[in-house]
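Please look over the sequence and the model before reading on. The report below walks through selected local features.

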Amino acid sequence: TTAAESALKVVVSADIPQNHLSVAELNRIFLGKTRKWGHGGRIALIVNTNEAALETFCHEIVHKTPRQFSMYWRKQLYSGHNTLPAQGEDDQQVIDYLAEHRGAIGFVLSAINNSRIKEMTITP
C-alpha cells in the first residue's frame with residue numbers, strides 16, 4: 001500500500017454543508033465534546049474498528065492509543081455523559097452508515113466512491 005492508499009480520510013454524510021475541519025475540531029467531535037454541526041444538525045459518530053484505520057485515527061486525530069480511546073468512551077458512557085458512538089468493522093460498514101444517517105461522521109482508509117458521502121479536508 002502506498003501512503004495515499006493508507007491515508008486516513010474523514011468522511012461525512014453529504015448533507016453536511018462544511019467541507020473542512022481542523023484536527024482540534026475533529027478531536028472535540030470524536031471525543032463527544034462537540035455534539036452539533038455549525039449549521040445546528042446533530043452529529044452522529046461512527047468509529048471504524050478496523051485495526052489499521054483505528055490506529056491511524058487515534059494517533060492522528062485524538063492523540064490516544066486505541067485502548068485509551070475505548071476506555072475514554074466507556075467512562076463517558078458509565079458516567080452518563082454520552083452514549084457510545086456507532087461502530088463499523090470496516091470501511092464499507094462505515095460508508096454504508098454515513099450514507100444512511102444525516103449528520104454522520106466517520107473515518108476510512110479506502111477511497112470513497114459514493115455520492116451520498118463526502119471527504120472532509122483536514123486542516124491543521
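What follows covers a helix pair, a backbone outlier, salt bridges, a surface patch and some individual residues.

This is a predicted model.

## Helix 1 against helix 2

Helix 1 spans residues 23–30, and helix 2 spans residues 51–62. Their axes come within 9 Å and cross at roughly 120 degrees. Angles of 65 to 115 degrees count as roughly perpendicular, and those over 145 as roughly antiparallel. Helix 1 and helix 2 are therefore oblique to each other. On the helix 1 side, the contact is made by Val-23, Leu-26, Asn-27 and Phe-30. Helix 2 contributes Phe-57, Glu-60, Ile-61 and Val-62.

Val-62 deserves a separate look. This residue sits in helix 2. Is Val-62 buried or exposed? Its relative accessible area is 4%, so Val-62 is buried. Leaving aside neighbours within four places in sequence, Val-62 is in contact with Asn-27, Phe-30, Leu-31, Phe-57 and Phe-69. Val-62 and Val-23 are 39 residues apart along the chain, and their C-alpha atoms are separated by 8.3 Å.

## A positive phi at His-63

His-63 is placed in the loop between helix 2 and helix 3. Its phi is positive, at about 55 degrees, although His-63 is not a glycine. Most residues other than glycine have a negative phi. His-63 counts as exposed because its relative accessibility is 54%.

## Salt bridges

How many salt bridges does the structure hold? There are two. Side chains of opposite charge can pair when their charged atoms come close.

One salt bridge joins Arg-102 and Asp-15. Their closest N and O atoms are 3.9 Å apart. The pair links distant parts of the chain, with the two positions 87 residues apart in sequence numbering. Arg-102 lies in the loop between helix 4 (91–100) and strand 5 (104–108). Asp-15 lies in the loop between strand 1 (9–13) and strand 2 (20–22). Arg-102 counts as exposed, at 67% relative accessibility. Asp-15 is partly exposed, with a relative accessible area of 26%.

The other pairs Glu-100 with Arg-116. Here the closest N and O atoms are 3.7 Å apart. Glu-100 lies in helix 4, and Arg-116 lies in the loop between strand 5 and strand 6 (117–119), so the pair ties together parts that are 16 residues apart in sequence. Glu-100 counts as exposed, at 56% relative accessibility. Arg-116 is partly exposed, with a relative accessible area of 44%.

| Salt bridge | Closest N and O atoms | Separation in sequence |
|---|---|---|
| Arg-102 and Asp-15 | 3.9 Å | 87 residues |
| Glu-100 and Arg-116 | 3.7 Å | 16 residues |

## A nonpolar surface patch

Which residues make the nonpolar surface patch? The patch is made by Leu-77, Tyr-78 and Leu-84. It covers about 330 Å². Leu-84 is in the loop between helix 3 (66–78) and strand 4 (86–88). At 45% relative accessibility, Leu-84 counts as partly exposed. Partly exposed runs between 20% and 50%, so the value of 45% for Leu-84 falls in that class.

## Residues in the strands

Gly-88 is found in strand 4. At 2% relative accessibility, Gly-88 counts as buried. Beyond neighbours within four places in sequence, Gly-88 is in contact with Ile-46, Val-47, Asn-48, Thr-49, Asn-50, Gln-93 and Val-94. Gly-88 and Val-12 are 76 residues apart along the chain, and 14 Å separates their C-alpha atoms.

Ser-22 lies in strand 2. Why does Ser-22 count as buried? Its relative accessibility is 13%, and buried means under 20%. Not counting residues up to four places away in sequence, Ser-22 touches Thr-123 and Pro-124.

Thr-121 lies in strand 7, which covers residues 121–123. Thr-121 is partly exposed, with a relative accessible area of 48%. Leaving aside neighbours within four places in sequence, Thr-121 is in contact with Asn-19, His-20 and Leu-21. Thr-121 and Leu-21 are 100 residues apart in sequence. In space, their C-alpha atoms are 6.5 Å apart.

Terms used:
Residues are numbered from 1 along each chain as its sequence is written. This is a predicted model: local features need pLDDT of at least 70, side-chain atom pairs count only at pLDDT 80 or more; totals for chains, interfaces and linings use all residues. Side-chain values use heavy atoms; hydrogens and water are left out. Patches are made of residues with over 30% relative accessible area and no salt bridge: like charges are joined within 9 Å, nonpolar side chains (Val, Leu, Ile, Met, Phe, Trp, Tyr) within 5 Å. Accessible areas come from the Shrake-Rupley method with a 1.4 Å probe; for residues, only the protein chains shown count as cover. A salt bridge is a side-chain nitrogen of Lys or Arg within 4 Å of a carboxyl oxygen of Asp or Glu. Helices (H or I, at least four residues) and strands (E, at least two) are DSSP runs, numbered from the N terminus. Buried means under 20% relative accessible area, exposed over 50%, partly exposed in between (1.4 Å probe, protein chains only). Axes are lines fitted to C-alpha atoms, for helices over the stretch in contact, and angles run from 0 to 180 degrees between N-to-C directions. Angles under 35 degrees count as roughly parallel, over 145 as roughly antiparallel, 65 to 115 as roughly perpendicular and the rest as oblique. Contact means heavy atoms within 4.5 Å.
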